[in-house]
Amino acid sequence: MKIAILGAGYGGMSAAWDLKKAGHDVTIFESAGYAGGLASGFKEPHWNWSVEKFYHHWFQSDSEMLGIIRELGLEDKVIFPRPLTVMLHKNKWYPFDSILNALRFPGLGFGLNKIRFGFVRIVFTHHQELASP
Ligand SMILES: Cc1cc2nc3c(=O)[nH]c(=O)nc-3n(C[C@H](O)[C@H](O)[C@H](O)COP(=O)(O)OP(=O)(O)OC[C@H]3O[C@@H](n4cnc5c(N)ncnc54)[C@H](O)[C@@H]3O)c2cc1C
């Protein structure tokens with residue numbers, strides 16, 4: 001069957017992929033000059049990487065997303081680098097993805113601010129536990 005899809009966003013492109021695998025003749029029509037829709041990015045000529053226009057994240061447990069990436073043969077393009085969270089302090093990046101790294105972070109000093117941070121973190125974690133079903 002001949003199928004036309006309007007929009008080369010993630011939805012249109014993944015539908016096209018499934019329909020193509022099912023043996024259909026698919027054409028995507030996109031009004032913008034680029035693919036990706038809301039999930040598209042942009043890149044300055046001197047950058048090695050593109051940056052998304054909007055913030056998106058994937059979980060390492062997202063088997064559907066990682067599955068389609070594997071099907072497309074693009075798994076070598078997906079990396080989950082650590083540290084996951086960093087802080088910039090006096091022109092230097094510091095990992096900020098664990099309690100230990102937070103304690104090592106020089107931007108909080110060694111006194112009250114660190115105690116306050118630890119307290120907020122404990123209250124936040126407790127609140128999350130209460131809120132989760
Ligand atoms: C700030 C933000 C954060 C998000 N974070 C996440 C996230 O972390 N994880 C996640 O899974 N999702 C996230 N999303 C949602 C995700 O971006 C969208 O669900 C997804 O990109 C939608 O894809 P789509 O193909 O349905 O639509 P779109 O991406 O909107 O694509 C539609 C396409 O159709 C084109 N089009 C429109 N009208 C026509 C026409 N008449 N003719 C031809 N082409 C046309 C548009 O130009 C566009 O390219 C986020 C969205 C936003 C805005």
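Here a colleague questions a modeller about a predicted model.

Colleague: Into which domains does the assignment divide the protein chain, and how far apart are their C-alpha centres?
Modeller: The domain assignment gives domain 1 as 2-77 and domain 2 as 86-131. Take the C-alpha centres of domain 1 and domain 2. Their separation is 36 Å.

Colleague: Which residues are closest to the ligand?
Modeller: The ligand is surrounded by 18 residues. By class, this shell holds nine nonpolar, eight polar and one charged. The closest residues are Gly-7, Gly-9, Gly-11, Gly-37 and Phe-54.

Colleague: Which element gives the most to the shell around the ligand?
Modeller: Three residues of the shell come from one helix. That helix spans residues 10-21. The top contributor is α1.

Colleague: What span does helix α1 reach, set against the expected one?
Modeller: The helix has twelve residues. At 1.5 Å a residue, 16 Å is expected. From first C-alpha to last, α1 reaches a close 17 Å.

Colleague: What phi does Gly-23 take, just after α1?
Modeller: Gly-23 sits in the loop between α1 and β2 (25-29). The sign of its phi is positive. The value is about 95°.

Colleague: Is Gly-23 buried or exposed?
Modeller: Count the other C-beta atoms within 10 Å of Gly-23: there are 7. A residue with 12 or fewer is exposed. Therefore Gly-23 is exposed.

Colleague: How far apart in space are Gly-23 and Asp-62?
Modeller: Along the sequence, 39 residues separate Gly-23 and Asp-62. The distance in space runs C-alpha to C-alpha. It is 27 Å.

Colleague: How do β1 and β2 run, and over how many bridges?
Modeller: Ile-3 stands opposite Val-26 in β2. Further along, Leu-6 stands opposite Phe-29 in β2. The two strands run parallel, and the number of bridges is five.

Colleague: Why does β2 lie largely in the open?
Modeller: β2 has five residues. A buried residue needs 20 or more other C-beta atoms within 10 Å. β2 lies largely in the open because its number of buried residues is zero.

Colleague: What is the count of buried residues in β1, and what is it in α2?
Modeller: Strand β1 covers residues 2-6 and is hardly covered, with zero buried among its five residues. Helix α2 covers residues 63-71 and is hardly covered too. Among the nine residues of α2, the count is zero.

Colleague: Which residue follows α2 with a positive phi?
Modeller: Its phi is near 75°. The residue is Gly-73.

Colleague: With which residues is Glu-30 in contact, neighbours within four places aside?
Modeller: Glu-30 has its place in the loop between β2 and β3 (41-42). With 16 C-beta neighbours inside 10 Å, Glu-30 counts as partly exposed. Its contacts are Gly-7, Ala-8 and Ala-35.

Colleague: What distance separates the C-alpha atoms of Glu-30 and Lys-114?
Modeller: Along the chain, Glu-30 and Lys-114 are 84 residues apart. Their C-alpha atoms are separated by 51 Å.

Colleague: Which residues does Gly-41 touch, leaving out those up to four places away?
Modeller: Gly-41 belongs to strand β3. It has 13 C-beta neighbours inside 10 Å, so Gly-41 counts as partly exposed. The residues touched are Gly-36, Ser-50, Val-51, Glu-52 and Lys-53.

Colleague: How far is Gly-41 from Ala-22, C-alpha to C-alpha?
Modeller: In sequence, Gly-41 and Ala-22 are 19 residues apart. In space, the figure is 29 Å.

Colleague: In what sense do β5 and β6 pair, parallel or antiparallel?
Modeller: The two strands form a hairpin with two residues between them. Val-86 has Pro-95 in β6 as its bridge partner. Over four bridges, the sense is antiparallel.

Colleague: What phi values do Lys-90 and Asn-91 have?
Modeller: Lys-90 lies in the loop between β5 (86-89) and β6 (92-95), and Asn-91 lies in the loop between β5 and β6. Neither is a glycine, yet each has a positive phi. Lys-90 is near 50°, and Asn-91 is at about 65°.

Colleague: Are Lys-90 and Asn-91 buried or exposed?
Modeller: Lys-90 has 7 other C-beta atoms within 10 Å, so Lys-90 is exposed. Asn-91 has 5, so Asn-91 is also exposed.

Technical notes. Residues are numbered from 1 along each chain as its sequence is written. This is a predicted model: local features need pLDDT of at least 70, side-chain atom pairs count only at pLDDT 80 or more; totals for chains, interfaces and linings use all residues. The expected span of a helix is 1.5 Å times one less than its number of residues. A residue is near a molecule or strand if its C-beta atom, placed from the backbone, lies within 6 Å of it. Ala, Val, Leu, Ile, Met, Phe, Trp, Tyr, Cys and Pro count as nonpolar, Asp, Glu, Lys and Arg as charged, and the others, Gly among them, as polar. Domain bounds come from an automatic or database domain assignment. Two residues are in contact if their C-beta atoms, placed from the backbone, lie within 7 Å. Two strands pair if DSSP finds at least two bridges between them.
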